[in-house]
Amino acid sequence: MATRVFLGVGSNLNRENSLRFAVAKIGPLLQNFSKSSVWISHPVRAGEPDYYNMVLAGETQASITDLYACLQKVEQLAGTELMFNNGTNFGLKRRLDIDILTFGDEVLTEPCKVPRHDIQDYPFVLAPLCELDPELIHPLLKIKVKDIWEEMEPRIPEGHEVAKIDFDWSVEAPAWNNVKD
């Protein structure tokens with residue numbers, strides 16, 4: 001039996017290519033695959049570049065353990081690069097961050113917390129999740145994500161807003177393969 005999953009994907013390094021890479025690698029893992037718009041948000045840590053965020057959805061026959069391992073592999077393949085922004089060297093950082101937001105209606109702590117513990121806290125997660133499935137019921141809170149978003153959106157503090165951006169999906173994803181043998 002297939003399980004419906006929602007994945008949060010974000011990057012603030014080589015953002016466009018990182019999201020293209022994620023979609024190219026994750027899309028084939030899921031049936032009935034869909035993706036939200038790309039949303040831009042400011043970083044939590046001052047000085048870092050802005051983030052591009054999106055949510056991917058689909059169905060999987062895989063266990064959560066196997067899906068989690070596949071997503072970690074995608075993050076590894078995307079690799080790392082030096083984050084240098086506005087004269088500050090932040091060091092070597094991952095290009096891509098992928099989180100399992102929900103795995104059906106499961107509530108788990110291993111191999112990761114599901115549902116993702118901060119879905120309801122961040123506009124950059126909630127806005128694209130709501131875009132894909134506003135009727136999705138948060139497995140712990142038992143509230144539709146559209147209701148959480150409608151409550152959150154008018155009270156988002158200045159500097160924490162999110163906005164959809166135009167994104168060119170016609171550009172081919174990079175062929176990163178940064179796993180060290």
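1. A residue counts as buried when its relative accessible area is under 20%. By that cut-off D118, with a relative accessible area of 8%, is buried. This note concerns a predicted model, and its points deal with side-chain contacts.

2. D118 shares a salt bridge with R116, and the N to O distance is 3.0 Å. R116 has a relative accessibility of 24% and therefore counts as partly exposed. The bridge thus joins side chains that fall into two classes of accessibility, partly exposed for R116 and buried for D118.

3. In total, the structure contains 8 salt bridges. One of them links K144 to E135, whose closest N and O atoms are 2.7 Å apart. K144 is partly exposed at 30% relative accessibility, and E135 is likewise partly exposed, with a relative accessible area of 38%.

4. A salt bridge is also found between R155 and E151, at 3.2 Å from N to O. Here R155 is exposed, its relative accessibility being 59%, whereas E151, at 46%, is partly exposed. Elsewhere, a network of salt bridges connects E75, R94 and D97.

5. Turning to the rings, the model has 4 aromatic pairs. In one of them, the ring centres of F21 and W176 are 5.3 Å apart; the planes stand at 45 degrees, so this pair is classed as tilted. Because F21 belongs to helix α1 (residues 15–26) and W176 to the segment after β8 (162–165), the contact ties together parts 155 residues apart in sequence. Both F21 and W176 are buried.

6. Y52 and F167 make another pair, with ring centres 6.5 Å apart and planes at 75 degrees, so the arrangement is edge-to-face. Y52 is located in strand β4 (residues 51–60) and F167 in the segment after β8, so this pair ties together parts that are 115 residues apart in sequence. Y52 is buried at a relative accessible area of 9%, and F167 is buried at 16%. Together with W169, these residues, Y52 and F167, form one aromatic cluster.

7. Two basic side chains lie over tryptophan rings. K35 is placed over the face of W169, at 4.9 Å from the ring centre; W169 is also a member of the cluster with Y52 and F167. R95 lies over the face of W176, at 4.1 Å from the ring centre, and W176 is the buried partner of F21 described above.

Terms used:
Residues numbered from 1 in each chain as written. Predicted model: local features only at pLDDT ≥ 70, side-chain atom pairs only at ≥ 80, totals over all residues. Heavy atoms only, no water. Phe/Tyr/Trp six-rings, centres within 6.5 Å; stacked < 30°, edge-to-face > 60°. Helix = DSSP H or I, 4+ residues; strand = E, 2+ residues; numbered from the N terminus. Buried < 20%, exposed > 50% of the residue type's maximum accessible area, 1.4 Å probe, protein only. Lys NZ or Arg CZ within 6 Å of the ring centre and 35° of its normal. Salt bridge = Lys/Arg side-chain N within 4 Å of Asp/Glu carboxyl O.
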